[in-house]
Amino acid sequence: MKVIVDQHKCVASGQCVLTAPEVFDQREEDGIVVLLTETPPEHLMDDVRQAATLCPAQAIWLAEQEKQEDKE
Amino acid sequence: MKRIAIVGASAAGLTAAETLRGRGWDGHLTLIGDEPRPPYDRPPLSKQILTGDRPAERAFLRSPHDLARLEADLRLGQPATALDVAHRRVHLGAGETIRFDALIIATGVTPRRLPDSDLAGVHVLRTLDDALALRAALLAGPRVVVVGAGFLGTEVAAAARTMGLQVTLVEPEPVPVRRPFGDRIGALVADLHRAHGTRLRCGTPVRRLRSTGGQVTGVELGDGTTLPADVVVMAVGSVPATGWLTGSGLSLADGVVCDAWCRAAPGIYAAGDVASWHNPHFGTRMRLEHRTNATEQAIAAAGNLLGDATPFAPVPYFWTDQYDTRIQAYGIFPPDADLRVISGDPSNGRFTAAYGHQGVVAGVLGWNNPRELRTLRRLVVERALWTTVTDAGPCPPLAGDRCWESIRPRTLGVYS
């Protein structure tokens, strides 16, 4: 399972870092999301899912949710 | 519990539905929305959708596939018209009734309108269709007057100005965003708009709209002057969408009145912009029109409906983007709060500040400084004593205004 972030949609809220600090960080200059690992260990996945839910810009996805039709 | 109905199919309603399913509840779920559009995100409406930086379809929150996976009875374009608490029924506009065992109310807010807002050229902005209509009008190159300089009004003015239009922002208060942030931050927001060429008329109420043949031609102010306008945007606040609950027996007072568990009545919960609840963290009742709260409160309300029994005690988070500036905030910002700059310099467009109220840090604000603001959130979460901010050792006061007294951030111990 892979984590995907969209830095163009990101609004630098930092909710992901508060929720899963082992997986997400923010750029120093503008706070835009930085992905620390695309493939977090299983024990962090609940936090990652929570981060995806809480993201106010909907800028985080899990590849397990990404179906072909979403890409088109 | 076999049947749950959710009224409201925007961020809060959708999140509530996903939370119920995500936690394994597999009963009959009905998701009711008054708009025909599938659930979409509102913050981009006054920003990227208006300027055209983002196409409308990118505002949708879920793909058709993801919506289908909810296995919900989706009733879009069907406004709820009444609630029968005793018989556990929601009445829809089409005359249909939806039975439920438990209910989540997430109907949001509707924009306030001033008299004559049915004139051609007068816009409000709440829905995606509102945004697309306003964008179409802005593309014709009109003279724009935005009435109301809260978050929505200031964002719309910034978007229109970014499109190269002549924009005037009118506000009866002396500065923009005064209610959420107070006079000093408001003055900075005023400077920001002036620096980008947006005209401000603050401290001046609107007397009436002027029109010719049903088309708005200008905005007449309390001082007798008239601002010529081809497009007028009414951004004068909103009211909770509770009209359909009149006579239901639910307590309504600035929204659906809930307890600390987001519960309005046994088996009936509310979430998002429409919900007024007691936030135990701050010891006060609040109703938030923030994007993040819609998600957080929907998760909490759905969880409590399933038996969590957890009080909803968040530290509110919200933000606004205007021109190249991003203002973010955690907490609450009472009008009589004390204000201190924590780091940076308000005169050069990057700083953080704290609001003190009743002896503790009630809120923190970041101006183009997201990463540092996040670390300061802890002050609000932990209810840090205001003296830890004021005693942390003042830096030299900033020119001309001793209230912008800055302090050294590292002495606060919030940097790990």
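Trainee: In which order do the five strands of the open sheet in chain B lie?
Mentor: The model is a predicted one. In chain B, five strands form an open sheet with antiparallel pairing. From one strand to the next, the twist averages 15 degrees. The order of the strands is β23-β24-β27-β26-β25.

Trainee: Which are the edge strands of this sheet?
Mentor: An edge strand here pairs on one side only. Strand β24 of chain B pairs with β23(B) over six bridges and with β27(B), residues 360-367, over five bridges. The edge strands are β23 and β25 (338-345) of chain B.

Trainee: Which residue in the turn of the hairpin formed by β23(B) and β24(B) has a positive phi?
Mentor: Strand β23 (residues 317-322) of chain B pairs with β24(B) in the antiparallel sense. Across this pairing, B:T320 stands opposite B:I327, and B:D321 has B:R326 as its bridge partner. Two residues lie between the strands of the hairpin, and the one in the turn with a positive phi, about 55 degrees, is B:Y323.

Trainee: Why is strand β24 of chain B described as largely enclosed by the rest of the structure?
Mentor: Strand β24(B) covers residues 325-331. On the side of β27(B), B:A329 of β24(B) stands opposite B:L365. The strand is largely enclosed because the number of its seven residues that are buried is six.

Trainee: What angle does the direction of α8(B) make with that of β27(B)?
Mentor: Helix α8(B) packs on the sheet. It touches β24, β25, β26 (350-357) and β27 of chain B. The angle between the direction of α8(B) and that of β27(B) is about 175 degrees.

Trainee: Which element gives the largest share of the side of chain B that touches chain A?
Mentor: In the contact between the chains, 15 residues of chain B meet 18 residues of chain A. The elements of chain B that give two or more residues to this side are α7 (291-305), β23 and α8 (370-381). The residues of this side divide into five nonpolar, four polar and six charged. The largest share, four residues, comes from α7(B).

Trainee: How wide an arc do the buried residues of helix α4 of chain B cover around the axis?
Mentor: Helix α4(B) spans residues 128-138, and its buried residues are B:L128, B:A131, B:L134, B:R135 and B:L138. An α-helix has 3.6 residues a turn, so residues three or four places apart point the same way. What covers the buried residues of α4(B) includes α2 (48-51), β9 (122-123), α5 (151-162) and β16 (231-234) of chain B. These buried residues lie on the same side of α4(B), because their arc is only 125 degrees.

Key
Residues numbered from 1 in each chain as written. Chains lettered and ligands numbered in written order. Predicted model: local features only at pLDDT ≥ 70, side-chain atom pairs only at ≥ 80, totals over all residues. Buried ≥ 20, exposed ≤ 12 C-beta atoms within 10 Å, placed from the backbone. Arc of directions from axis to C-beta. Contact = placed C-beta atoms within 7 Å. Pairing = 2+ DSSP bridges. Nonpolar A, V, L, I, M, F, W, Y, C, P; charged D, E, K, R; others polar. Axes fitted to C-alpha atoms, helices over the stretch in contact; angles between N-to-C directions.
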